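Work through the exercises below with the model open. Each task is followed by a stepwise solution.

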Amino acid sequence: MKKQLHANDPCWCGSGKAYSGCHQAFDERIRAFRRQGAIVPTHNMIKNEKQIEGIREAGKINVAVLDYVAERIRAGITTDDIDRWVYEETTRLGAIPAPLHYEGFPKSVCTSVNDQVCHGIPSTQDVLVEGDIINVDCSTIYNGYFADSSRMFIIGETTPEKRRLVEVAKACVEAGLEQVKPWGFLGDMGQAVHDLARKNGYTVVREVGGHGVGIQFHEEPWVSYVTRRGTDMLMVPGMMFTIEPMINMGTSAIFIDNDNEWTIYTEDGQPSAQWEIQVLVTPTGHEVISW
Ligand code: MF3
Ligand code: CO
């Protein structure tokens, strides 16, 4: 049983301010939603200003590393070259690549090509060729704070079908982002993503989702992109999570690589595309922390 804070007690968020001048009204508003049956966030999902400041700095490095990759990626390089660039640039900037040794992941970045949905492992054997589409998923630890975002790259010229998949996957993230505001629901975002994907004839992967992020690499809540408006968790100021739907050209069915137990592929071998952003819910809407 948690102790009920009184107005003059220091706020639980660590701001040093009195509860009454900080999160008291916020807690009451959340309680009202909970009484109506809403799924509501717990206090450990709410970042304070100091934490947000630190996570913003991690986000800037993550963006810089993705920009570094964007300038160099081309046909003829291997996905292991991307891994080396990410390791070198991240550490040069004084940060640590979060994927390296994370739950046994062997590399500094995920590189997922064509029918690889996510968690592709960079390899000296995998040479990028004209027409490939690839997701580069970068995550950074800086001063103990975490950033996580990913982009798609098209290698040279690809087919109109694959180009459209990449573009729509990005538009899905943007449509979801528009729905991120306090006192809405994660399902508002999830449905916006799902509706746009389906309208374009695509499917959304159900089993792999996004996540809270900032203090840890992967925090609660787990974030789905096949949810319905008005359902799933209430969004409140100080919550931070990723929007990273995996959009498939064909079936939504996937399977995991039996040998490495990381890489996920589309069941039907058709391509998949994913963009990932890290977003903070603010008192008036949202702020993109990393893209
Ligand atoms: N960056 C991935 C995500 O979006 C994390 C994959 S875990 C790893 O959550 F170990 F493969 F990096
Ligand atoms: Co992520």
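**Exercise 1. Place Thr90 in its surroundings.**

Task: Find which backbone oxygen the side chain of Thr90 reaches, then describe the setting of Thr90.

Solution:
1. Start with the polar contact. The Thr90 side chain comes to 2.6 Å from the backbone oxygen of Val86. Keep in mind that this is a predicted model.
2. Locate the residue. Thr90 sits in helix H3, which covers residues 79-92.
3. Use the geometry of a helix. An α-helix has 3.6 residues a turn, so residues three or four places apart point the same way.
4. Check exposure. Thr90 has a relative accessibility of 1%, so it counts as buried; the cut-off is under 20%.
5. List the neighbours beyond four places in sequence. Thr90 touches Val65, Ala95, Ile96, Pro97 and Thr140.

**Exercise 2. Describe the cobalt site.**

Task: Which residues coordinate the cobalt ion (ligand 2), and through which atoms?

Solution:
1. Name the donors. They are Asp148 (OD), His211 (NE2), Glu244 (OE) and Glu276 (OE), at 2.1 to 2.3 Å.
2. Read the spacing. Along the sequence, the donor residues follow D-x62-H-x32-E-x31-E.
3. Link this to the fold. Asp148 belongs to strand S5 (residues 145-154) and Glu244 to the loop between S9 and S10, so this pair ties together parts 96 residues apart in sequence.
4. Judge the geometry. The six donor atoms make angles of 51 to 158°, and the site is irregular.
5. Check exposure of two donors. Asp148 is buried at 2% relative accessibility. Glu244 is buried too, with a relative accessible area of 6%.

**Exercise 3. Trace the contacts of ligand 1.**

Task: How many residues surround ligand 1, and which are the closest?

Solution:
1. Count them. Ligand 1 is surrounded by 14 residues, and the closest are Asp137, His211, His218, Glu244 and Glu276.
2. Take the nitrogen contact. A side-chain N or O atom of Asp137 lies 2.9 Å from a nitrogen atom of ligand 1.
3. Take the oxygen contacts. An oxygen atom of ligand 1 lies 2.8 Å from a polar side-chain atom of His218. For the side chain of Glu244, an N or O atom is 2.8 Å from an oxygen atom of ligand 1.

**Exercise 4. Analyse helix H5.**

Task: Is H5 mostly covered or mostly exposed?

Solution:
1. Set the limits. H5 spans residues 186-199 and reaches 20 Å between its end C-alpha atoms, close to the expected 20 Å.
2. Assess burial. H5 is mostly covered, with 11 of its 14 residues buried. Among them are Leu186, Met189, Val193 and Leu196.
3. Find the packing partners. The buried residues pack against helix H4 and strands S6, S8, S9 and S10.
4. Look past the end. Just after H5, Gly201 has a positive phi of about 85°.

Conventions. Residues are numbered from 1 along each chain as its sequence is written. Chains are lettered from A and ligands numbered from 1 in the order in which they are written. This is a predicted model: local features need pLDDT of at least 70, side-chain atom pairs count only at pLDDT 80 or more; totals for chains, interfaces and linings use all residues. Side-chain values use heavy atoms; hydrogens and water are left out. Helices (H or I, at least four residues) and strands (E, at least two) are DSSP runs, numbered from the N terminus. The expected span of a helix is 1.5 Å times one less than its number of residues. Buried means under 20% relative accessible area, exposed over 50%, partly exposed in between (1.4 Å probe, protein chains only). Contact means heavy atoms within 4.5 Å. Donors are N, O and S atoms within 2.8 Å of the metal (3.2 Å for Na, K and Ca); water is not among the atoms, so sites may look incomplete. Four donors count as tetrahedral if all angles lie between 85 and 135 degrees; four count as square planar and six as octahedral if opposite donors are over 155 degrees apart and all others between 65 and 115; anything else is irregular. A residue is near a molecule or strand if one of its heavy atoms lies within 4 Å of it. A polar contact is a pair of N or O atoms within 3.5 Å; within protein, one must be able to donate a hydrogen and the other to accept it, and residues adjacent in sequence count only if both atoms are side-chain atoms.
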